[in-house]
Amino acid sequence: MSARTRELFGLLPVSLLVCAGFAAVLVAQSQEVSDLTVTYGAVFLGLCVAGHVFIRLRLPDADPYLYPLAALLAAFGLVMIYRIDAELAREQAQWFVIGLVLFCATIYLLPDHHVLERYRYTIAAVGIALLVLPRLPIIGAQVNGAFLAVKLGPIQFQPAEFAKLAIIVFLASYLRDTREVLVRARLTPLTPVATGLLYGIPAALFVLVLVALDLEPAVAVLLGIFTLSVVTLVRERPSLKHFGPLLLIWGAAMLMLVVIRDLGSSLMFFGAFLALLYVATARLSIVGVGATLFFGGAALLAGAVGHVQSRIDTWLDPFDRELYEAPGGSFQIAQSLFAQADGGLFGQGFGQALLELPDGARIIPAAHTDLIYAVITDELGLFGASGLILVYLLFVARGFKTALLASDGFSKLLATGLTAVFALQVFVIVGGVTKVIPLTGVTLPFVSYGGSSILANMVLLALLLIVSDHGRRDRVRAGTGGLV
Amino acid sequence: MNRQILHLFALTLVLFGVLIAFTSRWSVFEAESLNDNALNRRGLLEQQKAPRGLILARDGRTVIAQSDPVGRGEARVYVRRYPEGSTFGHPVGYSYITIGESALERSRNDALTGDLDEFGTIFRELQSRAREGDDVVTALDPDAQRQAIDLLADRKGSIVALEPATGRVRVSASTPGYDPNTVDDPAVFAALNDPDNTERELVNRAVQTNYPPGSTFKVVTAAAALDSGEVTPDSILDGSSPQEVSGVPLANAGGVSYGPVTLTTALTNSVNTVFARLGEQVGERTLVEYMERFGFYQDPQLDYPEDEMTASGVRNADGRLVTSGFDVGRVAIGQGGAEGQIQVTPLQMAEVAAAVANGGKLIRPRLTERIVAKDGRVEEDIEPAQQSQVMKPRTAQQLTEMMASVVNEGTGTAAALSGVSVAGKTGTAEVSNGLANQVWFIGFAPVESPRYAIAVTLEDQPVGSSGGVDAAPLAAQVLQTLLEGS
């Protein structure tokens with residue numbers, strides 16, 4: 001069976017899920033099944049097949065699972081949003097159609113992703129500009145304290161969703177160039193005395209600081225990792241001039257924290273950056289320095305940016321009555337946890353969760369965007385939510401597989417970066433909803449309501465498929481075989 | 001680079017594993033504590049979406065509580081209404097989203113809301129049945145309950161009547177009452193809970209208030225003395241007055257000195273000195289043991305929220321229950337000293353009468369008779385369950401004869417009914433330093449085969465009032481209604 005045929009078969013369960021999901025929601029809401037469910041299912045399947053035919057024509061060798069998995073997520077998201085608000089679902093469906101067009105356009109206009117390398121600085125500039133956009137007067141918009149949205153008349157969009165693509169493209173091409181020179185292994189065997197001094201002095205200093213300042217455990221661990229990473233890095237004597245742009249990115253991430261005031265997106269961007277850095281250089285020490293600098297910087301800045309600090313406070317103690325009742329307080333995260341507790345093992349069933357108070361107010365704020373995972377857990381229980389996470393995991397697995405199969409550095413880094421940023425986005429929002437980390441306003445890819453999110457992720461999917469097509473085509477031609 | 005990519009994938013696995021772990025933490029492992037969190041109003045909101053079951057009186061027709069729909073469509077909620085108003089306010093309680101539930105509405109909440117466990121819910125959904133609550137049929141007798149409330153009128157007090165053989169609570173009246181239809185009004189609720197409000201209408205005096213039992217407690221003392229073999233009903237005891245008990249002189253009511261009397265005569269005329277001596281003879285250990293058998297020193301085993309009940313027993317000045325070191329002579333006659341006073345709830349005294357009436361066997365009191373599904377199926381029939389064997393049947397028989405003598409020729413003649421023999425015991429306890437009386441009557445009828453046991457008490461009665469004059473007639477009327485009704 002060819003890859004494309006497998007892809008086509010993969011779409012079958014997706015359309016079934018749409019039909020079954022809509023049927024369940026309709027039954028729960030009006031106690032009747034109308035032919036509407038079949039219509040929705042058929043239309044969705046038609047659109048997916050159209051996309052599939054396009055892939056068959058343009059990218060015949062691309063990974064067969066990425067597209068059906070994305071369709072599955074989108075279908076699931078549509079059903080959930082329809083259950084929350086039918087009008088929003090109609091809009092989301094429109095965005096899905098536009099996203100599909102953009103998906104095809106990307107594939108059509110970009111037959112070879114290596115073209116992107118040529119425009120890397122332009123792309124980087126566009127990415128930074130997009131990030132700063134929400135802070136500009138008139139068009140910028142503040143949502144829950146964070147600057148993530150831009151308003152142009154009736155249209156509101158979240159530039160960060162697109163910025164993440166631009167930044168990944170830039171980093172992939174930049175690191176492809178510099179990864180060789182960034183860390184050259186210039187290890188010469190040191191005498192035992194030199195080794196002792198190299199590790200001993202910083203260790204002694206670290207202990208001294210620890211004792212003198214009486215640091216909190218978290219700070220001490222951070223400082224310890226930082227010291228160890230720096231020492232390990234210094235030992236390899238990297239060329240400092242190439243670290244300039246990397247420091248710039250760290251500065252940018254810190255600035256982002258101040259400018260857009262959103263811990264989640266900063267974490268997402270910087271995490272993807274570190275992931276790429278690790279894959280490019282194979283040096284954990286660089287990741288160590290970067291991560292500790294990020295968390296250290298974030299901790300210092302959090303105190304200065306009140307909004308970030310309050311997010312952290314509400315994260316630590318969501319059931320504090322004062323925080324709960326404060327505007328923008330812990331109400332959201334507390335309701336998220338209550339909704340999950342309500343779901344239990346199997347959930348309340350599609351369309352059964354409590355969303356509205358008797359007076360019409362919403363009990364879960366932002367149920368269709370930030371907190372959609374909480375609604376999913378409420379309705380489908382631990383099993384349903386774990387299933388969703390597993391679908392994301394499969395998508396991520398195929399993304400990394402694409403990176404593994406790619407034949408050149410840029411393709412590998414691009415696929416890795418796109419996959420990493422996708423995985424991190426899932427972690428940041430689901431982690432926020434489940435109180436693993438402070439809750440921030442990032443969408444759940446393909447599932448949350450939001451035009452920008454759908455469009456950006458469709459482009460991400462298109463880029464992954466383009467990379468995959470190239471990598472797998474080379475292998476097929478070379479007769480290596482053994483492809484899945 | 002491939003190795004590093006695999007490392008990244010491994011990291012993703014770990015991170016996503018953490019997500020699933022935390023999801024299971026909230027949805028399963030800590031779900032219960034989250035559901036019970038005071039900030040979480042989901043439970044109440046969801047319960048409002050489905051109608052609560054009815055609460056019915058013993059006859060299965062008189063509706064005590066019902067859920068009326070308000071609003072339409074998605075926004076429809078059900079609001080609790082209580083057609084009988086304050087009559088059943090105390091035993092049945094209320095259920096509102098703002099102030100929660102109380103009394104039977106609370107203790108039978110799971111049945112009333114149709115709350116099932118995880119698998120029960122799935123089973124119900126597979127059968128596509130809507131969530132609905134079951135009806136609760138109480139043991140309460142509507143006529144007798146209304147009469148009890150009327151008899152108490154504007155006095156503070158309580159009347160409790162039980163079926164000795166089954167433990168079914170036929171009457172549970174407490175005054176002053178409150179109207180469960182208006183209790184959710186914030187102003188009304190605040191006024192009812194005002195610490196300066198001495199009426200304390202929300203308190204269910206039948207199970208929540210401790211009173212000095214006065215001479216009704218002599219039934220417990222007599223049971224302990226007879227059953228442990230210390231005396232027989234015909235034992236001759238010294239009824240002279242005053243006598244020194246714990247170093248302080250103790251007098252009979254009105255200072256009457258009886259001389260040598262039988263135990264039966266002593267109970268009939270409620271001779272303090274005889275029972276105080278008897279208490280000392282029995283000793284606090286045996287007395288406490290019998291009290292525990294009667295159900296003292298623990299919350300009543302009623303199907304009612306535990307934190308809305310109070311245990312009976314000897315309490316010290318701090319209000320703590322004590323089982324030793326008290327003036328056993330004075331406790332034996334329903335009083336006490338500085339080290340501890342005997343304090344009881346009306347339900348407890350009704351249980352004392354019921355245990356005697358039921359051949360010494362105490363049956364757990366029950367407000368609920370059965371739980372019925374909407375389709376008429378009986379979900380749960382509350383079978384009588386024995387709480388304890390308080391005394392030998394022979395002791396119970398002797399005590400029954402002695403208590404019958406109280407009503408026939410002693411202090412309790414006002415409780416007598418025509419055509420039905422009644423057994424009982426009166427009690428009058430001085431409160432507020434002798435400025436007021438707590439009056440009591442406990443008893444049962446008919447003597448030959450007891451069907452109902454009762455306890456009546458009134459608070460803050462004027463000096464000169466007594467259990468025999470003020471409480472006994474109320475008991476007679478309620479017993480009459482109950483006996484006629486069935």
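In chain B, five residues of helix α11, namely B:Val219, B:Ala222, B:Ala223, B:Leu226 and B:Asp227, meet B:Thr395, B:Gln398, B:Leu399, B:Met402 and B:Met403 of helix α17. Sorted by class, the residues of this contact come out as seven nonpolar, two polar and one charged. Keep in mind that you're looking at a predicted model. Here's a quick tour, starting with that helix pair.

**The helix pair**
- α11(B) covers residues 218–227 and α17(B) covers 393–409, and their axes sit 10 Å apart.
- The two helices pack at an angle of about 140 degrees.
- Angles over 145 degrees would count as roughly antiparallel, so α11(B) and α17(B) are oblique to each other.
- Their crossing is right-handed.

**A little sheet**
- Chain B also has an open sheet of three strands, in the order β13-β15-β14, with antiparallel pairing.
- β13 (313–315) and β14 (336–337) of chain B are the edge strands, so each pairs on one side only.
- Three bridges link β13(B) with β15(B), which spans residues 340–343.
- Across that pairing, B:Arg315 stands opposite B:Gln341 of β15(B).
- Strands in a sheet are paired by backbone hydrogen bonds, in a parallel or antiparallel way.

**Where the chains touch**
- On the chain B side, 35 residues are in contact with 45 residues of chain A.
- Helices α1 (2–29), α2 (31–35), α3 (42–49) and α7 (118–126) of chain B each supply at least two residues of that side.
- α1(B) gives the most, with 17 residues.
- By class, this side of chain B holds 19 nonpolar, 11 polar and five charged residues.

Methods:
Residues are numbered from 1 along each chain as its sequence is written. Chains are lettered from A and ligands numbered from 1 in the order in which they are written. This is a predicted model: local features need pLDDT of at least 70, side-chain atom pairs count only at pLDDT 80 or more; totals for chains, interfaces and linings use all residues. Two residues are in contact if their C-beta atoms, placed from the backbone, lie within 7 Å. Helices (H or I, at least four residues) and strands (E, at least two) are DSSP runs, numbered from the N terminus. Ala, Val, Leu, Ile, Met, Phe, Trp, Tyr, Cys and Pro count as nonpolar, Asp, Glu, Lys and Arg as charged, and the others, Gly among them, as polar. Two strands pair if DSSP finds at least two bridges between them. Axes are lines fitted to C-alpha atoms, for helices over the stretch in contact, and angles run from 0 to 180 degrees between N-to-C directions. Angles under 35 degrees count as roughly parallel, over 145 as roughly antiparallel, 65 to 115 as roughly perpendicular and the rest as oblique. A crossing is left-handed if the near helix is turned anticlockwise from the far one by less than a right angle, and right-handed if clockwise.
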